[in-house]
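Ready for some practice in reading a protein model? Grab a pencil, try each exercise yourself, then check the worked solution.

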Amino acid sequence: MAWVNKGIQFAPGGTNNFGFTHIDDVGISLRDAQNLRGIEVGIGCRIYSSFIKANIWSTQSCDGMWIDGLVTLCFINLNHEKTTPGTGGCGVNIGQNATICSSVNQGFFLVAGNFNTSIQSL
């Protein structure tokens, strides 16, 4: 995906159930603007037993992944790189409604380049 405001969005509606999602080797290039998101897990959305592997590039202060729902029993491999110098943005931004459950079968691998902070929590 090239030059987008939001790459992948798990949005509230219907059952909010996004179990067994498989996203493999997706590249997301965000537009040259601030406060954009590569992957968004909306309020009340549930991602479980899923595989997500994504590379995200931004030039401004953006979030690689914004989580404000449930993430459990997943394997997530996320790389977010800010391609310009300066502060702002992060690899993963965890919202106030987020629940990220640890489990034997869960893995979250994050690489965040050129940021002051890799993970930010509200």
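**Exercise 1.** Find which residue of β8 stands opposite R46, then work out the sheet around that spot.

*Solution.* Keep in mind that this is a predicted model.
- Step 1: look across from R46 and you meet L70 in β8.
- Step 2: zoom out to the strands. β5 (residues 46-48) is joined to β8 (residues 70-72) by 3 bridges, and the two run parallel.
- Step 3: follow the sheet onwards. It's an open sheet of 3 strands in the order β5-β8-β11, with parallel pairing.
- Step 4: check the edges. β5 and β11 (99-100) each have a single partner strand, so one side of each has no neighbour in the sheet.

**Exercise 2.** Trace the bridge partners of E40 and say whether β4 is enclosed or open to the outside.

*Solution.*
- Step 1: start with β2 (residues 6-10), which runs parallel to β4 and is joined to it by 4 bridges. Here Q9 is partnered with E40.
- Step 2: now try β7 (residues 63-67). This strand also runs parallel to β4, again with 4 bridges, and W66 is the partner of E40 there.
- Step 3: count buried residues. In β4 (residues 37-41), 4 of the 5 are buried, so the rest of the structure largely encloses this strand.
- Step 4: take one more look at W66. The charged end of R37 sits over its ring, 3.8 Å from the centre.

**Exercise 3.** Which residues have the most contacts inside the largest nonpolar core?

*Solution.*
- Step 1: a bit of background helps. Nonpolar side chains tend to be buried together in soluble globular proteins.
- Step 2: the largest core here holds 24 residues, and the ones with the most contacts inside it are I28, I39, M65 and L78.
- Step 3: ask where the core residues come from. The elements giving two or more are β2, β3, β4, β6 (51-58), β7, β9 (75-82) and β10 (90-94). β3 gives the most, with 4 residues.
- Step 4: pick I28 and list some contacts. Skipping neighbours within four places in sequence, I28 touches residues including M1, V4, I8, I39 and W57.

**Exercise 4.** How many aromatic pairs are there, and how are F10 and F18 arranged?

*Solution.*
- Step 1: searching the whole structure gives 3 aromatic pairs.
- Step 2: take F10 and F18. Their ring centres are 5.1 Å apart and their planes meet at 70 degrees; angles over 60 count as edge-to-face, so that's what this pair is.
- Step 3: compare accessibility. F10 is buried at 5%, while F18 is partly exposed at 22%.
- Step 4: do the same for F20 and Y48. They're edge-to-face too, with 5.8 Å from centre to centre and 80 degrees between the planes. F20 lies in the loop between β2 and β3 (22-30) and Y48 in β5, so the pair ties together parts 28 residues apart in sequence.
- Step 5: check these two for accessibility. F20 is exposed at 64%, and Y48 is partly exposed at 24%.

**Exercise 5.** Why is C45 not bonded to C74?

*Solution.*
- Step 1: the search of the whole structure finds 0 disulfides.
- Step 2: C74 holds the closest cysteine sulfur to that of C45, but the gap is 13 Å, so it's too far for a bond.
- Step 3: try C90. Its nearest cysteine sulfur belongs to C62 and is 9.9 Å away, and C90 is in no disulfide.
- Step 4: finish with accessibility. C45 is buried at 0%, and C90 is buried at 0%.

Terms used:
Residues are numbered from 1 along each chain as its sequence is written. Side-chain values use heavy atoms; hydrogens and water are left out. A disulfide is a pair of cysteine sulfur atoms within 2.5 Å. Buried means under 20% relative accessible area, exposed over 50%, partly exposed in between (1.4 Å probe, protein chains only). Two strands pair if DSSP finds at least two bridges between them. Rings of Phe, Tyr and Trp (its six-membered ring) pair if their centres lie within 6.5 Å; planes under 30 degrees apart count as stacked, over 60 as edge-to-face and the rest as tilted. A charge sits over a ring if NZ of Lys or CZ of Arg is within 6 Å of the ring centre and within 35 degrees of the ring normal. A nonpolar core is a set of buried Ala, Val, Leu, Ile, Met, Phe, Trp, Tyr and Cys residues joined through side-chain atoms within 4.5 Å. Contact means heavy atoms within 4.5 Å.
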